[in-house]
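Visitor: I am new to reading protein models. Could you walk me through one?

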Amino acid sequence: MFQSPDDIRTITGVVTAIDGNRIVIHTESRNPFDDPALLDRIVVVTKDTQIIKTLPGDMEAFQKEMEAFIKKTEEGKGAGLTPPRPPQPTKTTVDVSSIAEGSTLTVTAVENIKNMKEFSAKEIQI
């Protein structure tokens, strides 16, 4: 049976409109009982909102890091070693002007936004 969690603080969606510090994002739901009016949400960017853009970085360097990660993982199998961390993308703090229509955002709020059409963002990841 489909059931939404009672406390939702993070959602992901695609930017459909931007008006100053208000960003409209369209989300998807796999639950047929979710309120369709909440598929489009208004995210308010405040002075306290942290906006982070994630970039893959240099692809050649990333590929070398990934190969080293795979090798260390293979060497550590069965040896009881703590698995190594995979390569991480580059994260940069940006301002609201870096957000464009069509961008995919993951938005985190301080409060429970399960039934909120508009809310303030604590963090936005592009």
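Guide: We will go through the sheet, then the core, then one residue. Keep in mind that this is a predicted model.

Visitor: In what order do the eight strands of the open sheet lie?

Guide: Read a sheet from one edge to the other, not along the chain. Here the order is E5-E4-E8-E6-E1-E2-E3-E7, and the pairing is mixed.

Visitor: Why is one side of E5 and of E7 left without a neighbour in the sheet?

Guide: Strand E5 (90-94) and strand E7 (118-120) stand at the edges. Each has a single partner strand, so one side stays free of a sheet neighbour. Neighbouring strands are also turned against each other, by 35° on average, direction ignored.

Visitor: How do E1 and E2 pair?

Guide: They run in the antiparallel sense, over five bridges. Look for Asp19: it stands opposite Arg22 in E2.

Visitor: Which residues have the most contacts inside the largest nonpolar core?

Guide: That core has 17 residues. Ile23, Ile25, Val43, Ile99, Leu105, Val107 and Ile124 have the most contacts inside it. Strands E1 (10-19), E2 (22-26) and E6 (104-108) each supply at least two core residues.

Visitor: What does Ile99 touch, beyond residues up to four places away in sequence?

Guide: Its list is Val15, Ile18, Ile23, Ile51, Leu105, Ile124 and Ile126.

Visitor: Is Asp7 buried, partly exposed or exposed?

Guide: Check the relative accessible area. For Asp7 the figure is 41%, so Asp7 is partly exposed. Asp7 sits in the segment before E1. Its side chain makes a polar contact of 3.0 Å with that of Arg9. Asp7 and Glu111 are 104 residues apart along the chain, yet their C-alpha atoms are separated by 8.7 Å.

Notes:
Residues numbered from 1 in each chain as written. Predicted model: local features only at pLDDT ≥ 70, side-chain atom pairs only at ≥ 80, totals over all residues. Heavy atoms only, no water. Core = buried A, V, L, I, M, F, W, Y, C linked by side-chain atoms within 4.5 Å. Buried < 20%, exposed > 50% of the residue type's maximum accessible area, 1.4 Å probe, protein only. Helix = DSSP H or I, 4+ residues; strand = E, 2+ residues; numbered from the N terminus. Contact = heavy atoms within 4.5 Å. Pairing = 2+ DSSP bridges. Axes fitted to C-alpha atoms, helices over the stretch in contact; angles between N-to-C directions. Polar contact = N/O pair within 3.5 Å; in protein donor to acceptor, adjacent residues only side chain to side chain.
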